[in-house]
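Open the model in your viewer and keep the selection box at hand. The stops below go from the inside outwards.

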Amino acid sequence: MHPSDQPKLLRPLHHPSITPPGSNITAPKASSAPETPVHGKPDSKSLTPPLTPLRPDIIRTTASSDLGHLAQDTLCAVGLKSSDANVDFGSSLTPTTEEMLSWEKTVPRPCTKKYQRQGSASSGDQELGRGAWSTVFRATLCLQFQPSSIPTPPTSPVSSSSKTTINRLLAIKAAARRDAHDILYQEARILTYLHSCAHASRYLVPFHGYDVASQSLVMDAVPLNLDTHAKSCLKRTCLNFSTKTMFDPVCGTREWKSLAAQLINGLAFLHSRSCVHGDIKPANILLRPNGDDSSEAYTALYCDFSSSRIFSGDSRNDEDRSQQLTALTPDFTSPELFTSLYSTSAVATMASDVYALGVTLVVAAIGTSPYASAGMDMLKLGMAREGRVLDFARQGEQGTRVMKGKMVERCLKGALEKSTDNRSTVGQWKRDVDAVFDNAPHLNKM
């Protein structure tokens, strides 16, 4: 939904084939059909259904078609999509415009719908997560709509008292400290800007708007993240160890390939919109389960843009943005950014995004940090500064999964180069990974 499209009030559907009571409307006569006598007299001024001619574009073929259109209108009013709601409404929504908003003029998309945080008076609101700047709460959006009861054959009339309710799980991101409100507002601007592209929801957690009253972000709730999933896969693999799979990613070769392709494509989308994420790590990758009929177990979605920035082309604006505090997670920080520990001059770049995603995919392959063998945080920090992620990962208990010459190492080595001059861009990385997958078709069977 384009941010300039304001939510509209829902209006009752009007079926043009129904003549309002008390009105006289002359219907055109069909040239090929004789007049039908009513009570022995032809009456061309008063026609009753089903004799009223219907245009092909307004004929309702099934009762569910009206229900689907009304449901879609309801979802459009709050910026949702039928595909995101996991409900089959019988027809697709009109695609949103591809024209990008000007970043300098972007303001957060307002969220006008009411939602209810989940929890109780004794336990408080249910938390989905907590970060340095914000806390994410679980909430529910309840949409009710009433199906049309137009008695147009061949369908049967639908009771006007019948209502359908869609319960949608939401995540409400609220500031955890006073100085975080500006950061959340900036994040809302970035999400509004990115979601002005129709296909943004393929790569990002769907964003429904900025709640001005509570200064919160309203998004889809996706409870599973890649960090939790990778640890779960590692635990399962250790319990069922096999020499046949000791060289494969802990989540399985097919799933790792799917996640890698999705996340690299998602990063390419962000960079094509001049957006640097700034804090890519497994905890900021959410996994939405797909149905059994899908070839991919999960859809990988980026979240948490509180450390992100848009390169607008205005050097003054870019410099101001770089001075704002951002998150820094040592395990996923590129070597050149460690200077930010001692200086405010360093800022996340597209190259550091590529490096962070490379480390993230190493974690997806081995189920833990590549620096897990470090006994102390200072030692782990020193290892991360060296920029030898794959070398340290091979020294760990799951090192066989990233062996030299194997699929994971071949896919990630270009993205994990210590020098930014030698490091792949996301476009080069995507081509390299596609080449690895194309040259090893047997991997699809694993």
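**Stop 1: the core.** This is a predicted model. Begin with its largest nonpolar core, which has 77 residues. Select W256 and Y302: these have the most contacts inside that core. Now colour α6 (350–366). With eleven residues, α6 gives the most to this core. A separate core lies apart from it and has seven residues, including A139, L170, I172 and V218.

**Stop 2: around W256.** Which residues touch W256, once neighbours within four places in sequence are left aside? Show P249 and C251. Add L361, A364 and A365. Then add M407, V408, C411 and L412. F437 completes the set. Keep F437 on screen, as it is one of the buried residues of α10.

**Stop 3: helix α10.** Select residues 426–438. The helix has 13 residues, and at 1.5 Å a residue it should span 18 Å. Its end C-alpha atoms are 18 Å apart, which agrees. Next, pick out its buried residues: V426, W429, V433, V436 and F437. Look down the axis of α10: these buried residues fall within an arc of 95 degrees, so they line one face of the helix. An α-helix has 3.6 residues a turn, so residues three or four places apart point the same way. What do the buried residues of α10 pack against? Their partners are α4, α6 and α9 (407–412). Turn to the face away from the buried side. There you find the exposed residues R431 and D438.

**Stop 4: strand β13.** Select 298–302. Five of the five residues of β13 are buried. Which way do they point? Y298, A300 and Y302 point one way, while T299 and L301 point the other. Y302 is familiar from the core, where it shares the top place for contacts with W256. Now add β12, residues 285–289. The two strands run antiparallel and are joined by five bridges. To see one pairing, pick R288, whose bridge partner in β13 is T299.

**Stop 5: two loop residues.** Move along to D304, in the loop between β13 and β14 (309–310). Its phi is near 60 degrees, a positive value in a residue other than glycine. Most residues other than glycine have a negative phi. Finish at S274, in the loop between α4 (253–272) and β11 (275–276). Phi of S274 is also positive, near 60 degrees. Is S274 buried or partly exposed? With a relative accessible area of 26%, S274 is partly exposed, as buried means under 20%.

How values were computed: Residues numbered from 1 in each chain as written. Predicted model: local features only at pLDDT ≥ 70, side-chain atom pairs only at ≥ 80, totals over all residues. Heavy atoms only, no water. Helix = DSSP H or I, 4+ residues; strand = E, 2+ residues; numbered from the N terminus. Buried < 20%, exposed > 50% of the residue type's maximum accessible area, 1.4 Å probe, protein only. Pairing = 2+ DSSP bridges. Expected span 1.5 Å × (residues − 1). Arc of directions from axis to C-beta. Contact = heavy atoms within 4.5 Å. Core = buried A, V, L, I, M, F, W, Y, C linked by side-chain atoms within 4.5 Å.
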